[in-house]
Amino acid sequence: MGLATFIIRRLLWVVPTMLGVSILIFAVTMMFSPYQRAMLYIHNIQDLRGKNIDDIVATYGFNRPAYEQYLDWLGRVLRGDLGYSETSRDLVLSTILTRLPRTAEVVLPSIPIIVVVGIFLGVLSATHRDTIIDHITRVVAIFGWSLPTFWLAIMLLAIFSDTLGWFTPGTGGLPLGSEANEFVKIGGSWHTYTGMFTIDGLLNGQPWITIDALKHLVLPTMTLTIVSIALIIRIMRSSMLETLGKNYIITAKAKGLKNSVVINKHARRNALIPVATVSGLLVAGLLTGVVITETIFDIDGLGRWAARAAGTGGAIDLPGILGFALFTCVVYVTANLIVDALYAYLDPRIRLG
Amino acid sequence: MKINIRYRIKEFKRGMAPHISEAKFMLRRIKKSPLSIAGISIIIFFAIIAVLAPVIAPPVNRNPYEIWLDGYASAPRPPGSPIIKNTKAIKLGYTTHILGTTPGQYDIYYGIVWGTITAFRVGILVVGGALIIGCAIGILAAYYGGVIDELMMRFTDIIFAFPGLVLAMALVLALPTTWKIDMFFYVFSAIGFIGFVILGFKILKLSSGQSLGFGFLGLIIFMLIDMYVLKSPSYWIMPLQLAKLDKALIALTIVGWPGYTRLIRGEVLRIKQEDYIEAAKAVGCSDFRIMYKHILPNSIYPILISASLDIGAIVLTAAALSFLGIGAETGYADWGQMISFARNYVDITMTNWYAFFIPGFFILLFVLGWNLLGDAFRDILDPMLRRK
């Protein structure tokens with residue numbers, strides 16, 4: 001089976017998976033009673049005047065059989081209608097689209113750091129097994145893995161912005177009320193191209209806004225990196241240890257190759273395969289991490305919106321939280337698809353076997 | 001009779017010998033690794049705190065998990081501040097706020113001590129629940145293979161496709177606070193299940209695995225009868241109050257099991273080919289007995305290690321839920337929530353460091369303990385690495 005066939009087969013699996021995901025998300029909706037769901041449409045007592053809550057239930061068809069409601073809902077989702085989010089006071093789909101760049105701005109820079117540094121430390125730890133370097137790296141990795149994201153973020157804020165004063169406290173993105181934010185808000189010469197302040201600043205010919213935005217991205221990116229890097233270090237270490245015990249490594253050493261050549265050329269490349277497979281988990285970790293990070297650093301991205309939709313009191317923002325869940329699933333399934341294709345490309349045994 | 005008992009003991013000892021030597025080997029490796037000793041000491045330390053909680057922090061409120069308040073002032077107070085308002089606490093022997101108070105005047109020391117129990121409960125219940133569900137599904141899927149395997153694993157993939165925290169967030173919202181359990185429905189369905197199992201086993205002479213499957217068929221039939229023919233929902237309703245933390249626990253369990261299913265399925269697929277399974281089949285062991293007595297004990301170790309690593313991760317996720325305000329109830333002894341109280345007092349000045357540093361430090365230490373332990377175990381039990 002060629003690579004193309006493998007990918008096509010894998011793509012076909014996406015359809016039932018996404019269908020299952022949609023059923024699950026809809027099942028969460030159905031856990032609310034029809035009346036609870038009708039109540040989501042009532043913002044104050046005036047809305048009810050002259051009407052009965054049964055009318056609302058009937059209008060929106062909350063008491064129809066589940067499968068009818070599901071097909072209805074699925075049809076709307078496929079047309080891009082995910083409902084209206086109370087938290088962002090906007091349609092769910094447009095909320096996701098406007099907030100996505102902010103989240104990407106935080107997540108994207110952290111990925112190369114995590115992968116490169118993680119692989120480097122993992123290899124270092126494995127090649128120096130049971131030495132002091134190994135112990136320190138492992139402790140650092142376990143430490144990073146044990147840190148509560150929210151606590152780390154708060155500590156970083158406390159240390160770097162309050163005590164040292166390097167980065168402006170409190171907010172990421174562009175802080176409200178700052179010069180840069182006012183400039184963007186007033187508009188005039190500002191035009192939004194991508195929604196990322198760092199890139200838009202350059203495109204608008206306002207490099208000072210880019211610098212300002214970058215400054216606010218340092219701490220959130222650092223938080224995400226520290227929390228997620230442990231995963232890569234651990235997998236890389238154990239996979240490298242396994243590879244180093246293989247016969248072809250011993251052969252390579254026996255024929256007198258330099259140690260660095262054996263490690264860099266023979267061992268590391270083969271040890272990378274398991275790392276590719278956990279990258280899917282990395283994406284999931286970052287998506288979850290972003291909920292906390294954005295909440296603490298006040299970045300107006302997807303994560304903060306989801307946290308507010310789920311957490312803050314008053315009416316529950318059901319369309320919001322379900323929209324976010326659906327979005328994360330799409331991202332996650334896509335990421336896993338790419339990972340699988342990569343895996344098949346790296347390891348011929350998978351596609352041929 | 002006497003000889004018989006002695007013989008039994010001898011047999012038992014001979015049977016246990018490999019396990020004992022395995023345990024001795026593990027102990028030796030653990031003694032050699034400073035990291036695992038650190039992990040075990042941390043967990044023992046927390047276990048002692050949890051056991052002694054009523055002694056070292058006597059409950060002030062009727063519900064011991066409610067942290068006692070000392071007034072309602074919003075600003076936190078530093079360690080060693082005197083107790084002003086809560087006379088009941090003074091009567092019980094508290095002299096000062098040993099670790100200070102959170103914003104809102106919850107006593108940090110009390111919250112930390114009773115939060116330990118919460119942390120253990122969250123970690124062990126969620127991981128235990130997920131382990132049971134995951135192993136049951138994984139073993140069934142791998143053992144029977146074919147369509148059952150395909151269906152169960154696709155279902156697992158779907159749950160696995162959700163990032164944990166996000167699905168847990170949605171589920172916590174959706175789970176009802178009062179769960180109206182219609183006992184008639186459950187008893188009726190259980191009768192259907194048991195009846196069909198007995199019917200299949202005794203009368204139709206099916207194997208035990210098949211009659212279990214037959215029992216599930218009965219379960220579904222009786223459920224449908226109850227839902228559409230008898231329409232019972234008001235015979236015998238038992239309301240079950242779910243605290244906010246319980247909802248979080250259920251949500252995390254629902255999210256957590258697919259990882260174990262995948263792991264154990266791989267193990268079982270490997271073990272299924274072994275000769276001793278063939279032998280067990282040949283002497284006529286029932287499917288259930290093979291799964292329970294032969295497959296489960298031989299495949300569970302890697303899953304247990306993964307589970308011990310997960311306890312830390314689950315405690316972190318639960319703390320994150322609490323931090324977002326959808327975990328424990330306000331005032332419940334929970335470390336994550338105590339940090340969320342302190343959140344607004346970070347920016348102004350570092351003088352309030354204790355309010356967020358102390359609870360966070362305890363979460364870190366607790367999770368670190370489990371992770372160190374799990375990491376050490378993995379190195380010890382990994383057959384590729386162990387005897388080097």
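Trainee: Which residues of α6(B) are buried?

Mentor: This is a predicted model, so take what follows as a description of that model. The buried residues of α6(B) are B:G164, B:L165, B:V166, B:L167, B:A168, B:M169, B:A170, B:L171, B:V172, B:L173 and B:A174.

Trainee: How many of the residues in that helix are buried, out of how many?

Mentor: Eleven of eleven. Helix α6 of chain B covers residues 164-174 and is described as mostly covered.

Trainee: Staying with chain B, where does B:G111 lie?

Mentor: B:G111 is part of helix α4 of chain B.

Trainee: Buried or exposed?

Mentor: B:G111 counts as buried, because it has 30 C-beta neighbours inside 10 Å. The cut-off for buried is 20 or more.

Trainee: What is B:G111 in contact with?

Mentor: Setting aside neighbours within four places in sequence, B:G111 is in contact with B:I67, B:Y106, B:A333 and B:M338. B:N371 can serve as a distance check: 260 residues separate it from B:G111 in sequence, and the two C-alpha atoms are 23 Å apart in space.

Trainee: Next, backbone angles. What is the phi of B:Q105?

Mentor: Near 65 degrees, which is a positive value in a residue other than glycine. Most residues other than glycine have a negative phi.

Trainee: Where is the place of B:Q105?

Mentor: B:Q105 sits in the loop between β2 (96-97) and α4 (108-144) of chain B. B:Q105 is buried, with 22 other C-beta atoms within 10 Å.

Trainee: And in chain A, what is the phi of A:D298?

Mentor: About 55 degrees, so positive, although A:D298 is not a glycine. A:D298 is in a loop too, the one between α13 (259-297) and α14 (302-311) of chain A. A:D298 counts as partly exposed, because it has 16 C-beta neighbours inside 10 Å.

Trainee: Let's do chain A as a whole. How many helices and strands does it have?

Mentor: Chain A has 16 helices and two strands. It is 353 residues long, and 38% of those count as buried. Among its contacts between residues at least 6 apart in sequence, 72% join residues at least 24 apart.

Trainee: What domains is chain A divided into?

Mentor: Domain 1 is 3-89 and domain 2 is 91-347. Where they touch, domain 1 gives 21 residues and domain 2 gives 24.

Trainee: Which element gives the largest share on the domain 1 side?

Mentor: α1(A), with twelve residues. The elements giving two or more residues to that side are α1 and β1 (84-85) of chain A. By class, the domain 1 side has twelve nonpolar, seven polar and two charged residues.

Trainee: Now the two chains together. How many residues of each chain are in contact?

Mentor: 45 residues of chain A are in contact with 41 residues of chain B. On the chain A side, the elements that give two or more residues include α1, α7 (132-146), α8 (149-163) and α15 (318-346). The residues on that side divide into 32 nonpolar, eleven polar and two charged.

Trainee: You mentioned α1 again. At what angle do the axes of α1 of chain A and α5 of chain B cross?

Mentor: At roughly 65 degrees, and the axes come within 9 Å. α1 of chain A is residues 3-30, and α5 of chain B is residues 146-160. The two helices are therefore roughly perpendicular to each other. Their crossing is right-handed.

Trainee: Which residues make the contact?

Mentor: From α1(A), they are A:P16, A:T17, A:G20, A:V21 and A:L24. From α5(B), they are B:R154, B:D157 and B:I158. That set has four nonpolar, two polar and two charged residues.

Trainee: Back inside chain A, how do α11(A) and α13(A) cross?

Mentor: Their axes come within 8 Å and cross at roughly 160 degrees. That makes α11(A) roughly antiparallel to α13(A). This crossing is right-handed. The contact of α11(A) with α13(A) has 19 nonpolar, eight polar and no charged residues.

Trainee: Last one. Where is A:I113?

Mentor: A:I113 is in helix α6 of chain A, residues 92-127. With 16 C-beta neighbours inside 10 Å, A:I113 counts as partly exposed. A:S146 is 33 residues from A:I113 along the chain, and their C-alpha atoms are separated by 19 Å.

Terms used:
Residues are numbered from 1 along each chain as its sequence is written. Chains are lettered from A and ligands numbered from 1 in the order in which they are written. This is a predicted model: local features need pLDDT of at least 70, side-chain atom pairs count only at pLDDT 80 or more; totals for chains, interfaces and linings use all residues. Helices (H or I, at least four residues) and strands (E, at least two) are DSSP runs, numbered from the N terminus. A residue is buried if 20 or more other C-beta atoms lie within 10 Å of its own, exposed if 12 or fewer, and partly exposed in between; C-beta atoms are placed from the backbone. Axes are lines fitted to C-alpha atoms, for helices over the stretch in contact, and angles run from 0 to 180 degrees between N-to-C directions. Angles under 35 degrees count as roughly parallel, over 145 as roughly antiparallel, 65 to 115 as roughly perpendicular and the rest as oblique. A crossing is left-handed if the near helix is turned anticlockwise from the far one by less than a right angle, and right-handed if clockwise. Two residues are in contact if their C-beta atoms, placed from the backbone, lie within 7 Å. Ala, Val, Leu, Ile, Met, Phe, Trp, Tyr, Cys and Pro count as nonpolar, Asp, Glu, Lys and Arg as charged, and the others, Gly among them, as polar. Domain bounds come from an automatic or database domain assignment.
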